[in-house]
Amino acid sequence: AAHHILDEQEAMLAATEAGMRERNAITRTTITVGNLLALALISIVGLAAVVDRQKRDQAERELVQQQQELQAVIESAFEGIITYDDDLTIRNMNPAAAAILRVEAEDRQNQHISLLEFVPAVRRELAKQANVEFNASGRSDQPFKRHSMLRSDGEEFLCDGNMIRTVADASHFTTLKFRDVSETQLLKAREREYSMIVGQMQEAIVVCDLNDRVQSWNGGAERLFGISNAGAQGMDIAKLVFKNRQDQWQAGREVMLARGSYTIEFSHRAADGREIVIENRRSLIFDDDDQPIGQLLFMIDVTE
């Protein structure tokens, strides 16, 4: 009986040891698998972090490139561009704005210059009020025409442009785009004066292109030839005035092209029926590169 009991206990111990070995094996396997899963998770998280960092680096590079491209566009723009805060303190101005305002290159990045320094004293309160009203209006863009501004040396000039409201994250500011139109206005005024003078002259003054098409026909030409300005525009001058002497016109053309000018007298029946003698001075018109672009005809009644 005692041997039987001992055999049963040994069998139980053996079974217990076998179970423990099996559980130990399972535990080791579980720990190994857990470690492998942990390593895999760590690797995945690390890889995701690397990919995320690469994406952020790429986004930052693209943003920097976009900023550089935008800055290059602003720097190369022909229009003056100034950005300023609500208190009219200038943030930045591009080279075109500095050139128009005659601001030195080293001074154009000065963050403490007020936009009011470039506004005539009599308009500064109006400029302040206009800025406040624009900011309160909710509009993103407001054009303006013929506003007076000051250069750094005190010279006043006229400009056209736009005010643009810009919001970036929590920051907001205004961009002023403008162009100097004072020279254009002066040229237009001189052109009007020239047109008035030419229009009032008794002599016929005609401008043609190199293909003999009339581009300008003053009052003197209307009176001398009895043809209105509207009727002469775009017409062949040779057919209007030299229709019976085409060979003479072409010969004069060759001399003019060779020498730059040509003078001839010819008889003509005026609009009132009189036979008159006209002196025709014909010369080339040149562009800034000294290339011929047209003809100037100055015709005078020299009968008397």
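This report describes two helices, the aromatic and charge-over-ring contacts, and one strand residue in a predicted model.

**Helix α8**

Helix α8 runs over residues 246–259 and has 14 residues. From its first C-alpha to its last it reaches 20 Å, close to the 20 Å expected at 1.5 Å a residue. Four of the α8 residues, Trp249, Gly252, Arg253 and Met256, are buried. Seen down the axis of α8, the buried residues fall within an arc of 110°, so they line one face of the helix. The elements that cover these buried residues include α7 (237–241), β8 (261–269), β9 (275–286) and β10 (292–301). On the other side of α8, the exposed residues include Asp247, Glu254, Ala258 and Arg259. Just after the helix, Gly260 has a positive phi of about 100°.

**Helix α3**

Helix α3 covers residues 124–137 and has 14 residues. At 1.5 Å a residue, α3 should span 20 Å, and its end C-alpha atoms are 20 Å apart, which agrees. Ala127, Asn131 and Phe134 are the buried residues of α3. Around the axis they cover an arc of only 70°, which puts them on the same side of α3. Exposed residues on the other side of α3 include Glu125, Leu126, Val132 and Ala136. Gly138, just after α3, takes a positive phi of about 85°.

**Aromatic pairs**

A search of the whole structure finds three aromatic pairs. In one of them, the rings of Trp217 and Phe225 have their centres 5.8 Å apart and their planes at 40°, so the pair is tilted. An angle between 30 and 60 degrees falls into that class because stacked planes are under 30 degrees apart and edge-to-face planes over 60. Both members of this pair are buried: Trp217 has a relative accessible area of 4%, and Phe225 has one of 9%.

Another pair joins Phe242 and Trp249. This pair is also tilted, with 4.8 Å from centre to centre and 45° between the planes. Phe242 counts as buried at 2% relative accessibility, and Trp249 counts as buried at 1%. Ring pairs link Phe242, Trp249 and Phe266 into a cluster. Trp249 is thus a buried residue of helix α8 and a member of the ring cluster.

**Charges over rings**

Trp249 also has a charged neighbour: the charged end of Arg282 sits over the Trp249 ring. The table gives the distance to the ring centre for this contact and for that of Arg151 with Phe157.

| Charged residue | Ring | Distance to ring centre |
|---|---|---|
| Arg282 | Trp249 | 3.4 Å |
| Arg151 | Phe157 | 4.2 Å |

In the second row, Arg151 lies over the face of Phe157.

**Thr175 in strand β5**

Thr175 is placed in strand β5, which covers residues 171–180. The relative accessible area of Thr175 is 12%. Thr175 is therefore buried, as buried means under 20%. Leaving out residues up to four places away in sequence, Thr175 touches Ile81, Ile82 and Thr83. Under the same count, Thr175 also touches Asn162, Met163, Ile164 and Thr166.

Definitions and conventions:
Residues are numbered from 1 along each chain as its sequence is written. This is a predicted model: local features need pLDDT of at least 70, side-chain atom pairs count only at pLDDT 80 or more; totals for chains, interfaces and linings use all residues. Side-chain values use heavy atoms; hydrogens and water are left out. Helices (H or I, at least four residues) and strands (E, at least two) are DSSP runs, numbered from the N terminus. The expected span of a helix is 1.5 Å times one less than its number of residues. Buried means under 20% relative accessible area, exposed over 50%, partly exposed in between (1.4 Å probe, protein chains only). The arc is that of the directions from the helix axis to the C-beta atoms. Contact means heavy atoms within 4.5 Å. Rings of Phe, Tyr and Trp (its six-membered ring) pair if their centres lie within 6.5 Å; planes under 30 degrees apart count as stacked, over 60 as edge-to-face and the rest as tilted. A charge sits over a ring if NZ of Lys or CZ of Arg is within 6 Å of the ring centre and within 35 degrees of the ring normal.
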